[in-house]
Each structure stands twice: as structure tokens, then as C-alpha cells.
Amino acid sequence: MASENIYQFLKINEESITPKYLQIANCVMHAVQINAVTKDYLLPSINDLTYELEISRDTAEKALRYLKSRGVIGSVPGKGYFIANTHFKQSIKVFLLFNKLSVHKKIIYDSFASRLGDRAAIDFFIYNNNFSLFKKLMQKNKDNDYTHYVIIPHFLEGGDKANEVINEIKKGQLILLDKSISGIDREYGAVHENFEQDIYRALKASLPQLSKYQTIKIVFPEYTYHPVEILKGFHSFCSEYAFNHKVVQNIEKEKVSRGEAFINLMEDDLVILLGKIQGTDLKVGKDIGIISYNETPWKRFMLNGITTISSDFKKMGEMAADLVLNNSKEQKEVPFSLTLRNSL
């Protein structure tokens, strides 16, 4: 059987950050699953794929190697690649939309993809906390053949309209990740943080260490995607336990003094704070305290260890994958923990 018609199924989405070789492989498997191509179907050569799809030779080779490793295709010297197996499971196709890339977001993605394994094709997109790009990506993909839409809804501004954009999705199962939002007019699954209670409980657990500081400052920029519920939990804790407290919008302009503990949400702000402390005689963990949001491997080693409050991002990805695999509409809170180190 000839292979000319396969190209109508080989669509590369330039806006997706899913590697092109994987997009091509997923397209081939989708074509097989909908019986558009059958067993013994002859695939285009590497040279043809390179030319027709305007991709590198390496990308074409990687796509075919991946399909061969999955047992989907075989090859015969001098004849090329052909569909060898039509009995495989990949009935799940996920539209995965993150607000940004970061160390902890990579942990979520890796655990999500690992849990799904070969059972799912994932198209991965990033909107950089930009509502306009979020809206564009959602509207462009709302009518595609995705079985699941998994979305992290964090925005610098404009997020009050996110529910209206999400409500335009009528097909596939909806799962909100990391943060739930109001105004969704359909049942959906969720794996989310309880931002207000999480910070309150974490600060309460660190009370013995915080007690040597008179003032707690949280660095919360004016323009941030972080939920205001974090501030509510922060204010509740400080009021209940009689700490002087302050919300710092610009750490670069903030004075650092003895007897203060800082809570940093952003990695960039943490770097600026450490630079400011470096120019003083203040000792971190004694004269000044530091708590950083989101556990990452390097925080175990910097300054002999930086105290973190963090969701279990690996667990978050796994829980989201389980909702996909089970077609579940459960809404679950992700575990949140305090890791005490020498910075406090």
C-alpha cells in the first residue's frame, strides 16, 4: 500500500513545546488507531519526511526510532518502514497547558508524563502567564480531538476572564492543576493547592524557629501570578501569633535588618535578597531568616540549606495523571510540606 495520504495526518504544531519527533510519532499512532492506515502500510522515507514536513533528518530519524521502539513499525532493508502492529493502546490524547517553565513545573510534567507512560499522547504548551496567549492557545485547540484538557490557570493580569475561555471547551475531560478557579460551568477534576491554609500551617509548624525574629516580611510583587490567598494565610498567622509583618512589593528597595525573616515566592527575588544580605554582617539563620517557596534540589545546598515551604510537585503530576487515567472528576488537594534548614 502506498503512503502518500499519511501526510494529511502528520501535523506539527509549532506552538507546542512537545518535541517535533514525538508529535510526528503521535500522529502516526493516531492515524493507525482511527484505521486511516493499516498493517503493512508503507511509511515515507526519511528523506521524504524531511522534505515534506520541513524538519531535520535527525528529527525524522528520531520519530521512526521511537515508533520502532514502541513496536508500532518495522523496517525491511531496501524497502523502508511499515506499520507492523495495530494492536496498541494510546487512546488518550492530552492538551497540557502550563503557565510557565521552571524547575518545579518540570517536576510536575515529568511525573505526569511518566505516570501516563505509553498510554497517552501529550501536546504541551506554555503561555508565560499571559492571558492573551492563554486565550489564543485555548481557542485554537478547543475543537481538536483531545480526550483531556489539563490546565494550570495562573496569570499576571486578565485572569478574571479565564473561566469564560475555559467554558468554551465542550469536548474532552477538563482537569485544573495547581489552582482552582470559580465560574466553571461543567464538572471537572482538579489537583490543587490550598494556598491560604498551606502557608498558615507551614508557618505554624516553623513557629519555634520563627520565634527568634520580631518581624516577618513576605515578598509579594504587585504584578504576580501568585494567588492572594497566600497573603490571607500570611496575615492570619502573623496576627494570631503577634508578629510584626509586612508585604514587600519590591525587594530591591527594601531594607534588610536584624531580627527579620523573609518569605520569598520568586526565585529572582531570593537571589536579590541574598545579594543584599551579602553586603552586611548579618548571619542567615541567626540574625535574619529566609523561607523560600517551592522545593528545588539546589536549595538543599545553598547557605547550608534554605528552608522551604512547598507542594509535593511530583505527587501533583502523578495525581493529575491518575485523574486522566480514571476519567475522574474528583477534586483533590496536593500535599504541602515544610522543610526546615539552616536559613531559619
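The following legends describe close-up views of a predicted model.

The model is predicted, and local features need pLDDT of at least 70, side-chain atom pairs count only at pLDDT 80 or more, and totals for chains, interfaces and linings use all residues. Residues are numbered from 1 along each chain as its sequence is written, and side-chain values use heavy atoms, with hydrogens and water left out.

**View 1. An open sheet of 6 strands is paired in parallel.** The strand order is 4-3-5-6-7-13; strands (E, at least two residues) and helices (H or I, at least four) are DSSP runs numbered from the N terminus, and two strands pair if DSSP finds at least two bridges between them. Strand 4 (120-126) and strand 13 (331-333) are at the edges with a single partner strand each, so one side of each has no neighbour in the sheet. On average, and ignoring direction, neighbouring strands are turned by 15 degrees against each other. Angles run from 0 to 180 degrees between N-to-C directions, and axes are lines fitted to C-alpha atoms, for helices over the stretch in contact.

**View 2. Strand 3 and strand 4 run parallel, joined by 7 bridges.** Within this pair, L97 stands opposite F125 in strand 4. Of the 7 residues of strand 3, 6 are buried, where buried means under 20% relative accessible area, exposed over 50% and partly exposed in between (1.4 Å probe, protein chains only).

**View 3. Strand 7 (residues 189-192) and strand 13 run parallel, joined by 3 bridges.** H192 stands opposite E333 in strand 13. Helix 5 (residues 131-141) packs on the sheet and touches strand 3 (92-98), strand 4 and strand 5 (148-151), contact meaning heavy atoms within 4.5 Å. The direction of helix 5 makes about 165 degrees with that of strand 3.

**View 4. Helix 11 lies across strand 3, strand 5, strand 6 (173-178), strand 7 and strand 13.** Helix 11 runs at about 170 degrees to strand 6.

**View 5. The axes of helix 4 (residues 103-116) and helix 11 (residues 313-325) come within 7 Å and cross at roughly 35 degrees.** The crossing is right-handed, that is, the near helix is turned clockwise from the far one by less than a right angle. Among the residues that meet are I107, F112 and R115 in helix 4 and F313, M316 and D322 in helix 11. The contact residues divide into 10 nonpolar, 3 polar and 4 charged; nonpolar covers Ala, Val, Leu, Ile, Met, Phe, Trp, Tyr, Cys and Pro, charged covers Asp, Glu, Lys and Arg, and the others, Gly among them, count as polar.
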